[in-house]
Structure formats: C-alpha cells, structure tokens
Amino acid sequence: GTAAVPLSYCYGFAFTSPASAQVTIAGMNFVSGFIMVIASFVMAHIESTEPANSVLVHLYRLFPSFSLGEGLIALSARKVQLAYGIPVSSPLSWTVVGRPLTYLAAQAVILFSLTLLLEHLLCGALLDAMSADLGSWMSSFRARAAMGYSLLRDSGPTPGDGGEDLALSTEVTIVEEDVDVAEERERIESMMKRR
C-alpha cells in the first residue's frame, strides 16, 4: 500500500485521461502482482528456468505488487511445509517475508520521494505559469476597475445632496467599449425592446 500508491501516482503523470490511467495501472498491477509472481514461482521450481528466474526476480522486485505477492506465496509455502513436517524458518526471516518487506519499505520511501519530486517539477512549473497569468490578470483587472470608476458616472442623485429619494438611475455612460462588447450590448438591447 505505502509503496504501490506513490508508484501509481507516478504512473498517472503519463496519462491525460483518468479512465485510461486507471485501467492501465490496474492492468500493470495485475501483471506484476499476479502473472509475474506465478511465473517466478513456476520458473524457480523448474531446473532449466531456475537460472533465468534468479536474474529476472531482481527486476520483478522493483514492482511493489510483486514484492507483496512474493511474500504471500512464501508465507503460504511455509504453511504447507509445516503441514508436512518440513523444518521452516521464522515468518519474518529473510527468505520468507523479510526480503519482500524490506523491498516494500525501501520502495515506499523512494517512490514517495520520486512522487514529490515529480509533483514539484511538473506541477510547480504549472503553478508558476498560472500564478504569473493570475498576477497579470489581477493587475489588468485592478487597472480596468480603477479606470471604470473614473469613466463611469452615475446620472442619478447621490446620497447627501438633499434628495431623500435615493433611487439610482440605470443610465451609465461608457466612454470606451470594445467592438465585440458593443455588438453584444446591441444584441441584448434589441432583445429587451422586443419584449
């Protein structure tokens, strides 16, 4: 769990669609946690494939789901050996679950660190770009808002000018207007007149 989650998170950076990421990661976990474990177990018990397995198993152990499966197979094999009276070592010994647990602990630290690094590098650049865009947008907005207060004037009575009726006029004079804004305003005004 603590090693598989950051690995899956790292895999997720390679995908743009969450659905395809989930299906692919589930498939990879199935292959590394089931197919590779069974293949390694079978290859370890066939004399002709045992040397190849002793090399491949080091590659397989880079996947957390393989380490988990290897530990579970070793525990169940230990239980069978006990049933037949074969002497066995402690469940936490290196040959039973000691090695898989060590690999999982190391992978948890390494993969979590890798996840943080990728998050910092990939998302940090994205956040920097977004904050730069947001900063320029906010500056532009503040400038437009300040300009808007000076360009817009209210033609109705203002509070404190002696008029008790403080109803504000809806007429506002706009000094500068973009072409697309003017077209949209005219379209809306014509729709309002039809009503």
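Begin by selecting Phe-30, which is partly exposed in this predicted model, with a relative accessible area of 47%; here buried means under 20% relative accessible area, exposed over 50% and partly exposed in between, with a 1.4 Å probe and protein chains only. Add Phe-34 to the selection, which at 46% relative accessibility also counts as partly exposed. Phe-30 and Phe-34 are four residues apart in helix α2, and are therefore separated by about one helical turn. Helices here are DSSP runs of H or I with at least four residues, strands are runs of E with at least two, and both are numbered from the N terminus. An α-helix has 3.6 residues a turn, so residues three or four places apart point the same way.

Two notes on reading the model belong here. Residues are numbered from 1 along each chain as its sequence is written, and side-chain values use heavy atoms, with hydrogens and water left out. Because the model is predicted, local features need a pLDDT (the predictor's confidence in each residue, from 0 to 100) of at least 70 and side-chain atom pairs count only at pLDDT 80 or more, whereas totals for chains, interfaces and linings use all residues.

**The whole chain**

Now show the protein chain as a cartoon, where six helices and zero strands appear. Of its 195 residues, 20% are buried. The accessible surface comes to about 14,200 Å², with 68% of it belonging to carbon and sulfur atoms; such areas come from the Shrake-Rupley method with a 1.4 Å probe, and for residues only the protein chains shown count as cover. Where contact means heavy atoms within 4.5 Å, 48% of the contacts between residues at least 6 apart in sequence join residues at least 24 apart.

**Aromatic pairs**

What does a search for aromatic rings in the whole structure find? The search finds three aromatic pairs, where rings of Phe, Tyr and Trp (its six-membered ring) pair if their centres lie within 6.5 Å, and planes under 30 degrees apart count as stacked, over 60 as edge-to-face and the rest as tilted. Select Tyr-9 and Phe-13, whose ring centres are 5.5 Å apart and whose planes stand at 85°, so that this pair is edge-to-face. Tyr-9 is partly exposed at 44% relative accessible area, and Phe-13 is partly exposed at 28%. Then return to Phe-30 and Phe-34, which form a stacked pair with 5.3 Å from centre to centre and 25° between the planes.

**One side of helix α1**

Next select residues 4-12, helix α1, and within this helix pick out the buried residues Pro-6, Leu-7, Cys-10 and Tyr-11. These four cover an arc of only 145° around the axis, and therefore lie on the same side of α1; the arc is that of the directions from the helix axis to the C-beta atoms.

**The largest nonpolar core**

Select Met-36, Val-37, Val-57, Tyr-60 and Phe-66 together, for these five residues make up the largest nonpolar core. The elements that give two or more residues to this core are α2 (18-44) and α3 (50-60). A nonpolar core is a set of buried Ala, Val, Leu, Ile, Met, Phe, Trp, Tyr and Cys residues joined through side-chain atoms within 4.5 Å.

Centre the view on Val-37, in helix α2, which is buried with a relative accessible area of 7%. Beyond four places in sequence, Val-37 is in contact with Ser-32, Phe-66, Gly-69, Glu-70 and Ile-73. The C-alpha atoms of Val-37 and Gly-69 are separated by 6.1 Å, although the two residues are 32 apart along the chain.

Move on to Tyr-60, which touches Met-36, Ser-40, Asn-53 and Phe-66, leaving out residues up to four places away in sequence. Asn-53, in helix α3, counts as buried at 7% relative accessibility; with the same four-place limit, Asn-53 touches Ser-40, Met-43, Ala-44 and Tyr-60.

**A buried arginine**

Select Arg-61, in the loop between α3 and α4 (64-83). Is Arg-61 buried or exposed? Arg-61 is buried, with a relative accessible area of 5%. Beyond four places in sequence, the contacts of Arg-61 are with Phe-66, Ser-67, Glu-70, Arg-99, Tyr-103 and Gln-107.

**Colouring by confidence**

Finally, colour the chain by pLDDT, which averages 79, with 73% of the residues scoring at least 70. Among the elements, α3 has the highest mean pLDDT (93) and helix α5 (residues 94-151) the lowest (74). Over residues 149-156 the pLDDT is below 50, and this stretch has 13 contacts in the model beyond near neighbours in sequence. Residues 163-169 also stay under 50, with nine contacts beyond four places in sequence. Where pLDDT is low, the predicted coordinates should not be read in detail.
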